[in-house]
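This briefing is meant to be read beside the sequence and the three-dimensional view. It takes up enclosed spaces, packing and a few individual residues in turn.

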Amino acid sequence: MRIVFGRRLAVALLVVLVAGLLFKVSYFQENLEAYLFPAVVAATVLCLSLLSLAREAFDLCIDDFQPFPIGRQWPVIVIMIGGVLLIDTLGMYSTTFLVLLLVGYWYSPEEALRRRLVQSVSMAAGFSLAMYVLFSILLNVQVPRGFLI
Amino acid sequence: MEFIHYFGEVFAPANFLILVFGTIGGLLLGATPGLSPTMAVALLIPFTFQMDPAASLIMLGAVYTATVAGGAVSGILVNIPGAPANIATILDGHPMAKKGRATEALHYCFISSFIGGVIGVLLLIFFTPPLAELALRFGPAELFWIAIFGVTIIASIGGGSVVKGLIAGAVGLWLSTIGYNPVLGEERFVFTDHLAGGIHVIAALIGLFAIPEVLTLVGGAATSRSKVEYAELSTHSVWRSFAYNISRVKALTIGSVVGSFIGVIPGAGGQIAGLVAYDQTKKMSRDPSAFGKGEPDGVIAAESANNAMVGPSLVPLLTLGIPGSPTAAVLLGGLLINGLFPGPDLFTVHAKVTWTFIDSLLVGQLLMMIFGLMIARYSVFVTRVPKHTMAAAVIVLAVFGTYSVQNSVSDVMVMLVLGTLMYFASRIGFSAAPLVLGLILGQLTETNFLQGRMIAGDDAWGYFFAGPINKIVIVMCVLSVAYSVYSERGQIRRRRAQEAT
């Protein structure tokens, strides 16, 4: 019970900190006229976050925290960020193939490694081809080209 | 009767083909567990850039309508609602499927969706033009308050904590200020080149709705397949289903009326419509104990309600720029991208585009029923797509869709960062819908705020708080928040009572 209460307070404090940061960057500017609207909005966010903190402190709301299985999710986050950083070097389609292959292989429930690899390569190749047909042939979108295609 | 005048436009070969593809695609996307209508529409917006405005809106409208109905397929067959709007459907739909009546339940779902949907679109046709006329009286102060009302209502009615909803809405407004001041032209908060020009609405929409879905999908990827219990599809005459469905007048009426009414309320959405209609039908039934055990009236009421909500949810959107549901908020982004601004101009300057779009919603309801009944048997395969494959497909569509908006890798980075942060924010009680709406309405709000200040001169307080329309909208803002606080307190009391017992 105390852990839940502490977690809720920590979340509310984090929100206040972020709101304080927004207020600081919005309000303390040389040309306040240009920043007037964001300053008003940031002040509103700060007031609301303090209200949220008070509600948590006085136990006036329910626990809406949902756990996140970060152990299962970090690989896809790393793959996505890595993919975006590689787009300019490898090109859009090679990166797409790589990202799909890694996501497919990592998260596949298949236990036999060879089958898992074959399935992932097939899925990655299929989707990459579909994207190529859709974007480069049908929609004529100019995407970064690099390695291979 | 202007809508009849433009009816032929829907049947122009290109438009009709798009409508058919949008409907079939929407049904399949809706049937796929984990792909919400909001995310489907957000992912599709970049694909519509090459189309003319009417065709692009037809595509988005068809997908909106069909995903809401298609979401019932996975709900009925595997007890996982394809969209929040279908939560009420599974209460009786899945028990029917477990009793070997899955095909029958799917028939009721599409037939009721059609009937409810047509009633909803007719309301849209008859209520929108007079409301749009009213919008002519609005100046900067009124438009500012209307935008604030839009953000507060979707923030507060969306469920969960009201304060967190309002914080999310305000953060959305703040994010919209990144880039240039719309009046003075000064650059603000651009601390990296990737933010030059601000956050593009479509990149944000895709990131905020798609990336959290990806993380949720991979979070439960390997374990979930084995637990899912698939219902078998039997053979059942469509005509028998049709005759039975039409005879359930009470359930259809309750569903359509409740859905239409809730659809007009900005921010309420299909989930509330379905649940309220289900609850009312159960209460008014001769045998309430049959509900939850496979009662067809439960499916009929829920499905007619969530599709009846679609048309009316566009009434406040097309007239005042306030979306009636999160998906309508995304559609607002689609409208603005096509240079169409909500209000009377839609029915005068852009009458052809607007009426073609509305007429397509009407025709789309019929197509949705026909294709829904045809592909119901085969849509079961879509529900069996492994989660990791779906997650991979969503990542690729999100990246390509975002990139194609401005051919910019920076947009893709912004999309990924916003989406990942949104996922973690959603786990601590913040919702994406108010944030998106704040982001969409931000520039409109700031422009009207600054213009109003210029017009008002020294008496800004008098300008923004005087006038009957201003006062009415301010009272509506206060009432919406007060009502939400009141209902949240009720929820807290009920939950604590449950925990105590």
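How do the residues of the lining of the second largest cavity divide into nonpolar, polar and charged? In this predicted model, they divide into 3 nonpolar, no polar and 6 charged residues. The points below describe that cavity and its surroundings, and then turn to the core, to one buried helix and to three residues considered one by one.

**The two cavities**

- The structure holds 2 cavities of 30 Å³ or more, and the largest cavity encloses about 130 Å³ of space, while the second largest cavity has a volume of about 50 Å³.
- The lining of the second largest cavity is made up of Arg7(A), Arg8(A), Val11(A), Glu56(A), Asp63(A), Asp64(A) and Phe65(A) from chain A, together with Lys164(B) and Ile428(B) from chain B.
- Helix α1 (residues 2-27) of chain A supplies the largest share of that lining, with 3 residues.
- Around the largest cavity, chain A contributes Met80(A), Gly83(A), Val84(A), Ile87(A), Met92(A), Thr95(A), Thr96(A) and Val99(A), and chain B contributes Ile395(B), Val396(B), Val399(B) and Phe400(B).
- Two or more residues of the lining of the largest cavity come from each of α3 (70-90) and α4 (92-107) of chain A and α21 (387-406) of chain B.
- By class, the lining of the largest cavity holds 9 nonpolar, 3 polar and no charged residues, whereas 6 charged residues are found in the lining of the second largest cavity.

**The second largest pocket**

- The second largest pocket has a volume of about 1,100 Å³ and is lined by 33 residues, of which Val18(A), Val171(B), Leu175(B), Leu418(B) and Leu421(B) lie nearest its centre.
- The elements that each give two or more residues to this lining are α1 of chain A and, from chain B, α9 (162-175) and α22.
- Of these, α22(B) gives the most to the lining of the second largest pocket, with 8 residues.
- The lining of the second largest pocket comprises 31 nonpolar and 2 polar residues, with no charged residues.

**Domains and the nonpolar core**

- The domain assignment of chain A gives domain 1 (2-57) and domain 2 (70-138), and the C-alpha centres of these two domains lie 38 Å apart.
- The largest nonpolar core has 192 residues, and those with the most contacts inside it are Val76(A), Phe110(B), Ile199(B), Leu205(B), Leu314(B), Ile358(B) and Met415(B).
- Helix α5 (residues 53-78) of chain B provides the largest share of this core, 17 residues, and the core also draws at least three residues from each of domain 1 and domain 2 of chain A.
- When its neighbours within four places in sequence are left aside, Leu314(B) is in contact with Tyr64(B), Leu124(B), Ala328(B), Leu331(B), Phe357(B) and Leu361(B).

**A buried helix in chain B**

- In helix α4 (residues 37-44) of chain B, 8 of the 8 residues are buried, so this helix is largely enclosed by the rest of the structure.
- The buried residues of α4(B) are Pro37(B), Thr38(B), Met39(B), Ala40(B), Val41(B), Ala42(B), Leu43(B) and Leu44(B).
- These buried residues pack against α3 (13-31), α5, α10 (201-219), α18 (326-337) and α21 of chain B.

**Individual residues**

- Phe189(B) is found in the loop between β2 (187-188) and α10 of chain B, where its phi is near 55°, a positive value in a residue other than glycine, and Phe189(B) is buried, with a relative accessible area of 11%.
- Asn407(B), in the loop between α21 and α22 (409-427) of chain B, likewise is a residue other than glycine with a positive phi, near 50°, but Asn407(B) counts as partly exposed at 37% relative accessibility.
- Gly146(A) lies in the segment after α5 (113-138) of chain A and counts as partly exposed, at 35% relative accessibility.
- Not counting residues up to four places away in sequence, Gly146(A) touches Thr89(A), Leu90(A) and Gly91(A).
- Gly146(A) and Phe135(A) are 11 residues apart in sequence, and their C-alpha atoms are 16 Å apart in space.

Notes
Residues are numbered from 1 along each chain as its sequence is written. Chains are lettered from A and ligands numbered from 1 in the order in which they are written. This is a predicted model: local features need pLDDT of at least 70, side-chain atom pairs count only at pLDDT 80 or more; totals for chains, interfaces and linings use all residues. Side-chain values use heavy atoms; hydrogens and water are left out. Domain bounds come from an automatic or database domain assignment. On a 1 Å grid over the protein atoms alone, a cavity is a set of points where a 1.4 Å probe fits but cannot get out, and a pocket is an open set with protein on both sides within 12 Å along at least five of seven lines; lining residues have an atom within 4 Å of a point. Grid points are joined across faces, edges and corners, and a volume is the space filled by probe spheres set on the points. Helices (H or I, at least four residues) and strands (E, at least two) are DSSP runs, numbered from the N terminus. Ala, Val, Leu, Ile, Met, Phe, Trp, Tyr, Cys and Pro count as nonpolar, Asp, Glu, Lys and Arg as charged, and the others, Gly among them, as polar. A nonpolar core is a set of buried Ala, Val, Leu, Ile, Met, Phe, Trp, Tyr and Cys residues joined through side-chain atoms within 4.5 Å. Buried means under 20% relative accessible area, exposed over 50%, partly exposed in between (1.4 Å probe, protein chains only). Contact means heavy atoms within 4.5 Å.
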